[in-house]
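These are my notebook entries from one sitting with a protein model. I wrote down each item as I looked it up.

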Amino acid sequence: MFDGLQARARRNLPVRGVKVDIVIVGEPLPFDSESPRLLRSSLLAHELASRGAEVRLWTSRFDHFSKQQRTNVGPVESRGGIEYRFLEAPSYSHNISLGRIRHNIELGRAFRAALSKSPMADVTVCSMPTIELASESVRHRLMRGGRVFLDIRDAWPDALARLAPSALQ
């Protein structure tokens, strides 16, 4: 999926002016340190922006790696031709925890509310986890039309079942 979008951009097929929403959680952002190692969703955002697409990247204000709220950003920031939309959700201290589940639920609610007030993009690319963001991305597209691509990156929350005692699995 990403390879197809990146290949299209590299072949100079029309991406200029295309409005793209990229929805992620748990990836480093340019705001997190002087030179963070960006991962695939951020790399895709930068590639599309460099080719003239209008990119809006939705994410949590909470930094999954440092386990801290990003206090150095406002609700909307622009950098490198990308508009970053930071959604409010509670902190959590452990990756596998009820706190993370609560964060994901609240993040999904914040995303739904923000989408209802935002102009429509032409295409949405949403990375999983989280189920809540993916669900809202698909729901929004079903209601308003347009394309949505889901990038399934890992097995959260299925990983929780593997940690449970075998009698509960």
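The entries below go from the whole chain to single side chains.

**Entry 1: the chain as a whole**

I noted at the start that the model is predicted. I then listed the secondary structure and found 5 helices and 8 strands in the protein chain. Read from the N terminus, the elements follow the order α-β-α-β-β-β-β-β-α-β-α-β-α.

I next looked up burial and found that 43% of the 169 residues in the protein chain are buried. For the surface, I recorded about 9,000 Å² exposed by the protein chain, with carbon and sulfur atoms supplying 53% of it.

I also looked up how far apart in sequence the contacting residues are. Among contacts with a separation of 6 or more, 68% are between residues 24 or more positions apart.

**Entry 2: helix α2 and what follows it**

Which residues of helix α2 are buried? I found Ser41, Ser42, Leu44, Ala45, Leu48 and Ala49 in this helix, which covers residues 40–50. Viewed down the axis of α2, these buried residues fall within an arc of 160 degrees, so they line one face of the helix. I added a general reminder: an α-helix has 3.6 residues a turn, so residues three or four places apart point the same way.

Just after α2, I recorded a positive phi of about 100 degrees at Gly52.

I then examined a salt bridge in this part of the chain, where the side chains of Arg51 and Glu47 meet at 3.3 Å, N to O. Arg51 has 26% relative accessibility and therefore counts as partly exposed. Glu47 is also partly exposed, because its relative accessibility is 21% and the buried class requires a value under 20%.

**Entry 3: salt bridges around Glu136**

How many salt bridges does the structure hold? I recorded 9 for the structure.

I followed the one between Arg112 and Glu136, whose closest N and O atoms are 2.9 Å apart. Arg112 lies in helix α3 (residues 98–116) and Glu136 in helix α4 (residues 131–144), so this pair ties together parts that are 24 residues apart in sequence.

Glu136 also forms a salt bridge with Arg139, and here the closest N and O atoms are 2.8 Å apart. Both Arg139 and Glu136 belong to helix α4, with their positions 3 residues apart, or about one turn of the helix. I therefore wrote down Arg112, Glu136 and Arg139 as linked in a network of salt bridges.

Is Glu136 buried or exposed? Glu136 is buried, with a relative accessible area of 11%. Arg112 is partly exposed at 39% relative accessibility, and Arg139 is partly exposed at 23%.

**Entry 4: Ser137**

I moved along helix α4 to Ser137, which lies in that helix. Ser137 counts as buried because its relative accessibility is 2%. Which residues does Ser137 touch, not counting those up to four places away in sequence? I listed Val23, Phe111, Thr124, Cys126 and Val148.

**Entry 5: aromatic pairs**

I searched the whole structure for aromatic pairs and noted 5. One of them joins Trp58 and Phe111 edge-to-face, with 5.3 Å centre to centre and 70 degrees between the planes. Trp58 lies in strand β2 (residues 54–60) and Phe111 in helix α3, so the pair ties together parts that are 53 residues apart in sequence. Trp58 is buried at 1% relative accessibility, and Phe111 is buried at 1% as well.

I then turned to Phe62 and Tyr92, which form a tilted aromatic pair, 4.5 Å centre to centre with 50 degrees between the planes. Phe62 lies in strand β3 (residues 62–63) and Tyr92 in the loop between β6 (82–87) and α3, so this pair ties together parts that are 30 residues apart in sequence. Phe62 is buried, with a relative accessible area of 2%, and Tyr92 is buried at 6% relative accessibility.

Last, I recorded a cluster in which ring pairs link Phe31, Tyr84 and Phe86.

**Entry 6: cross-check**

I compared my notes and marked Phe111 for a second look. Phe111 is the ring partner of Trp58, and Phe111 is also one of the residues that Ser137 touches.

Key:
Residues are numbered from 1 along each chain as its sequence is written. This is a predicted model: local features need pLDDT of at least 70, side-chain atom pairs count only at pLDDT 80 or more; totals for chains, interfaces and linings use all residues. Side-chain values use heavy atoms; hydrogens and water are left out. A salt bridge is a side-chain nitrogen of Lys or Arg within 4 Å of a carboxyl oxygen of Asp or Glu. Buried means under 20% relative accessible area, exposed over 50%, partly exposed in between (1.4 Å probe, protein chains only). Helices (H or I, at least four residues) and strands (E, at least two) are DSSP runs, numbered from the N terminus. Contact means heavy atoms within 4.5 Å. Accessible areas come from the Shrake-Rupley method with a 1.4 Å probe; for residues, only the protein chains shown count as cover. Rings of Phe, Tyr and Trp (its six-membered ring) pair if their centres lie within 6.5 Å; planes under 30 degrees apart count as stacked, over 60 as edge-to-face and the rest as tilted. The arc is that of the directions from the helix axis to the C-beta atoms.
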